[in-house]
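This report goes through one structure helix by helix. The sequence and the coordinates come first, and the text follows.

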Amino acid sequence: MAKPISEYFPGILARAEQMRRFQDLINDCGTAERRKDMIMTAWHGSLISSEECRLLIEAYGLETA
């Protein structure tokens with residue numbers, strides 16, 4: 001019988017779960033300004049990478065000119 005995928009990629013799956021939970025928190029923020037503040041705070045606190053920060057800002061349509 002094949003091993004569960006979590007045995008092959010435990011770090012990736014754990015990070016995906018963390019990001020899903022973080023996105024739930026972002027969704028609960030309400031305003032776009034608060035969402036962006038939460039994302040930027042997580043980035044400045046080294047909780048997310050600059051690439052994850054960029055992707056989240058794009059996904060939520062929070063780009064600035």
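The sections below cover the helices, their buried faces, the salt bridges, the surface patch and the backbone exceptions.

The model is predicted, and its local features are restricted to residues with pLDDT of at least 70.

**Helix α2**

Helix α2 runs over residues 10-27. With 18 residues at 1.5 Å a residue, α2 should span 26 Å, and its end C-alpha atoms are indeed 26 Å apart, so the expected and computed spans agree.

Which residues of α2 are buried? Met19, Phe22 and Ile26 are buried in this helix. They lie on the same side of α2, because the arc they cover around the axis is only 60 degrees. The cover over these buried residues includes α3 (32-44) and α4 (50-59).

Isoleucine 12 also belongs to helix α2. Its relative accessible area is 56%, and exposed means over 50%, so isoleucine 12 is exposed.

**Helices α3 and α4**

Helix α3 has 13 residues. The distance from the first C-alpha of α3 to its last is 18 Å, close to the 18 Å expected at 1.5 Å a residue.

In α4, the buried residues are Glu52, Cys53, Leu56 and Ile57. These residues cover an arc of only 130 degrees around the axis, which puts them on the same side of α4. The buried residues of α4 pack against α2 and α3. The cover relation between α2 and α4 thus appears from both helices: α4 is among the elements over the buried residues of α2, and α2 is one of the elements that the buried residues of α4 pack against.

**Salt bridges**

How many salt bridges does the structure hold? There are six salt bridges. Three of them are listed here, with the N to O distance of each pair.

| Pair | N to O distance | Location |
|---|---|---|
| Arginine 15 and glutamate 52 | 2.7 Å | helix α2 and helix α4 |
| Arginine 20 and glutamate 17 | 2.7 Å | helix α2 |
| Glutamate 51 and arginine 54 | 2.5 Å | helix α4 |

The side chains of arginine 15 and glutamate 52 meet in a salt bridge. Arginine 15 lies in helix α2 and glutamate 52 in helix α4, so this pair ties together parts that are 37 residues apart in sequence. Arginine 15 is partly exposed, at a relative accessible area of 27%, while glutamate 52 is one of the buried residues of α4.

The other two pairs each sit within one helix. Arginine 20 and glutamate 17 are three residues apart in helix α2, which means that about one helical turn separates them. Both are partly exposed: arginine 20 has a relative accessibility of 40%, and glutamate 17 has a relative accessible area of 30%.

Glutamate 51 and arginine 54 are likewise three residues apart, about one turn of helix α4. Glutamate 51 counts as partly exposed at 40% relative accessibility, and arginine 54 is partly exposed at 36%. Elsewhere, Glu17, Arg20, Arg21 and Asp24 are joined into one network by salt bridges that share partners.

**Nonpolar surface patch**

Which residues make the nonpolar surface patch? Ile5, Tyr8, Phe9, Ile12 and Leu13 make this patch, with an area of about 520 Å². The elements that give two or more residues to the patch are α1 (5-8) and α2 (10-27). The exposed isoleucine 12, described above, is one of the patch residues.

**Segment before α1**

Alanine 2 is placed in the segment before α1. With a relative accessible area of 66%, alanine 2 is exposed. The C-alpha atoms of alanine 2 and cysteine 29 are separated by 41 Å, and the two residues are 27 apart along the chain.

**Positive phi**

Most residues other than glycine have a negative phi. Serine 46 is not a glycine, yet its phi is positive, at about 60 degrees. Serine 46 follows α3 and is placed in the loop between α3 and α4. At 63% relative accessibility, serine 46 counts as exposed. A second positive phi, of about 65 degrees, is taken by glycine 61 just after α4.

Conventions. Residues numbered from 1 in each chain as written. Predicted model: local features only at pLDDT ≥ 70, side-chain atom pairs only at ≥ 80, totals over all residues. Heavy atoms only, no water. Patch = residues over 30% accessible without salt bridge, like charges linked within 9 Å, V, L, I, M, F, W, Y side chains within 5 Å. Areas by Shrake-Rupley, 256 points an atom, 1.4 Å probe, with all protein chains shown as cover. Salt bridge = Lys/Arg side-chain N within 4 Å of Asp/Glu carboxyl O. Helix = DSSP H or I, 4+ residues; strand = E, 2+ residues; numbered from the N terminus. Buried < 20%, exposed > 50% of the residue type's maximum accessible area, 1.4 Å probe, protein only. Expected span 1.5 Å × (residues − 1). Arc of directions from axis to C-beta. Contact = heavy atoms within 4.5 Å.
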